Amino acid sequence: MRIDRVELRVVRLPLVRTFRTSSSSKDHIDHILVRVAAEGGSEGWGECASPSDPYYCPETTETCWHILKDFLVPRVLGRSWSTIDELIALFGPIKGNNFARAGLEMACWDALAKSQGVSLASLLGGTRAEIHSGVSLGIENDLGSLLGQVDRYVEEGYRRIKLKIAPGWDVEVVRAVRERHPDVPLQVDANSAYTLDDAATLKALDDFDLLLIEQPLAHDDIVDHARLQAQLRTPICLDESIHSAEDARKALDLGSCRVINIKVSRVGGLREARRVHDLCLSRGVPVWCGGMHEFGVGRAANVAIASLPGFILPGDVSGSDKYYREEVVEPPIIADRGTVAVPTGPGIGHRPLMDRIETHTLRELTLTA
Ligand code: OSB
Ligand code: MG
């Protein structure tokens with residue numbers, strides 16, 4: 001395979017509802033769509049799902065654009081590769097910048113799968129025909145609004161509910177949701193809003209039969225998380241702290257978590273996501289697929305990776321309509337009673353809608369060999 005042309009586009013889609021976490025608030029999402037054209041006519045699509053602000057991770061849409069345009073794409077254009085390992089070797093000494101890498105790598109996986117006439121899920125080793133999905137609910141202005149959201153998604157059949165928490169929006173909120181829905185699979189995500197000084201608050205969450213508490217402590221910590229996990233019955237799940245299979249191994253060895261949220265972009269692509277999965281599967285550690293408000297391209301890649309056997313917990317892979325009125329791919333990604341079908345067509349299995357993508361494009365650049 002040889003990539004001869006790469007198109008980069010910043011695409012902006014409005015969110016149907018403002019999404020607030022402990023660290024940021026958003027009413028639209030800017031992601032970079034990556035389109036690669038290979039020799040022989042095969043093409044592939046990828047998505048850089050970095051937030052536009054550096055509040056979840058250090059990368060932003062702008063840093064992804066810079067790293068893609070000035071480093072990653074020039075290293076790949078016109079060079080031959082036949083496996084994803086060979087492709088990634090072309091990235092060479094570039095460090096970090098996982099969201100940027102993931103967008104280009106994803107497009108190359110899609111092109112490779114299409115050139116072989118197989119689905120991305122099967123190329124990755126997926127074994128499921130459908131995946132179970134949950135929803136992630138942001139912080140609301142008042143409890144009533146949150147309860148309305150929870151009711152709605154439970155009613156739609158989603159398999160579990162994740163609540164964003166922050167100091168002042170935690171124990172009482174979780175208690176209210178648990179009282180109203182005694183049996184719903186429930187988990188919380190703090191996006192690093194607490195420290196060990198808040199251990200009593202986090203321990204109070206043990207009363208609500210949560211599946212897990214996601215990333216309570218600092219984004220770059222695995223030591224304090226181990227101290228905290230030793231005091232909690234509820235499993236800690238790491239998100240922000242895990243950037244690779246090596247990070248996952250160290251966190252598991254330390255006892256910093258008992259579950260891992262695998263995000264394709266946070267770990268730098270599908271190859272590394274599969275490595276984290278394989279490690280966790282071999283250790284009997286449950287994983288689930290996290291999300292970054294992906295548009296249809298990145299969301300389709302999430303569906304594909306979540307079809308691997310170790311993804312035993314429902315992921316943040318909801319139908320596109322949970323976030324967007326308009327989807328950039330056809331068919332849209334749909335959750336039917338909390339189940340998303342894994343496409344069997346070539347590549348990501350969803351066709352990008354060029355007209356719609358162009359309508360929402362803020363900036364565009366074509367790079368050639
Ligand atoms: O921490 O999981 C997170 C969205 C943006 C940044 C971080 C996170 C999230 C979500 C939403 O929780 C997941 C999704 O449905 O895409
Ligand atoms: Mg998270």
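**Exercise 1. The metal site**

Are Glu 214 and Asp 239 buried or exposed, and where do these two residues lie?

*Solution.* This is a predicted model in which local features need pLDDT of at least 70 and side-chain atom pairs count only at pLDDT 80 or more, while totals for chains, interfaces and linings use all residues. Residues are numbered from 1 along each chain as its sequence is written, chains are lettered from A and ligands numbered from 1 in the order in which they are written, and side-chain values use heavy atoms, with hydrogens and water left out.

Step 1: Glu 214 and Asp 239 are both buried, where buried means under 20% relative accessible area, exposed over 50% and partly exposed in between, with a 1.4 Å probe and protein chains only.

Step 2: the magnesium ion (ligand 2) is coordinated by Asp 189 (OD), Glu 214 (OE) and Asp 239 (OD), at 2.1 to 2.3 Å; donors are N, O and S atoms within 2.8 Å of the metal (3.2 Å for Na, K and Ca), and water is not among the atoms, so sites may look incomplete.

Step 3: along the chain, the donors of the magnesium ion (ligand 2) follow the spacing D-x24-E-x24-D. Glu 214 belongs to strand β8 (residues 213-214) and Asp 239 to the loop between β9 (236-238) and α9 (245-254), so the pair ties together parts that are 25 residues apart in sequence. Helices (H or I, at least four residues) and strands (E, at least two) are DSSP runs, numbered from the N terminus.

**Exercise 2. The loop after β8**

Describe the backbone and the surroundings of Gln 215 and Pro 216, and then turn to Ser 192.

*Solution.* Step 1: Gln 215 is found in the loop between β8 and α8, and its phi is near 40 degrees, a positive value in a residue other than glycine. With a relative accessible area of 0%, Gln 215 is buried.

Step 2: Pro 216, found in the loop between β8 and α8 (223-231), counts as buried at 0% relative accessibility. Not counting residues up to four places away in sequence, Pro 216 touches Ala 190, Ser 192, Ala 193, Tyr 194, Leu 202, His 225, Leu 228 and Ile 236, contact being heavy atoms within 4.5 Å.

Step 3: Ser 192, one of the residues that Pro 216 touches, is found in the loop between β7 and α7 and has a positive phi of about 70 degrees although it is not a glycine. At 23% relative accessibility, Ser 192 counts as partly exposed.

**Exercise 3. Two domains and a cavity**

Which domains give residues to the lining of the largest cavity, and what is the make-up of that lining?

*Solution.* Step 1: the domain assignment gives domain 1 (3-117 + 351-368) and domain 2 (122-341), with bounds that come from an automatic or database domain assignment. Taken over C-alpha atoms, the centres of domain 1 and domain 2 are separated by 23 Å, and the contact takes 39 residues from domain 1 and 47 residues from domain 2.

Step 2: the structure holds three cavities of 30 Å³ or more, and the largest has a volume of about 380 Å³. On a 1 Å grid over the protein atoms alone, a cavity is a set of points where a 1.4 Å probe fits but cannot get out, and lining residues have an atom within 4 Å of a point; grid points are joined across faces, edges and corners, and a volume is the space filled by probe spheres set on the points.

Step 3: of the 34 residues that line the largest cavity, the closest to its centre are Phe 19, Thr 21, Gly 291, Met 292 and His 293. β2 gives the most to this lining, with five residues.

Step 4: the lining residues divide into ten nonpolar, 13 polar and eleven charged, where Ala, Val, Leu, Ile, Met, Phe, Trp, Tyr, Cys and Pro count as nonpolar, Asp, Glu, Lys and Arg as charged, and the others, Gly among them, as polar. Both domain 1 and domain 2 give residues to the lining, so the largest cavity lies between them.

**Exercise 4. Val 303 and its contacts**

In which helix does Val 303 lie, and which residues does Val 303 touch?

*Solution.* Step 1: Val 303 lies in helix α11 (residues 296-305) and is buried, with a relative accessible area of 2%.

Step 2: leaving out residues up to four places away in sequence, Val 303 touches Ile 131, Val 317, Ile 333, Val 340, Ala 341, Val 342 and Pro 343.

How values were computed:
1 Å grid on protein atoms, 1.4 Å probe; cavity = no way out; pocket = protein on both sides within 12 Å on 5 of 7 lines; lining within 4 Å.
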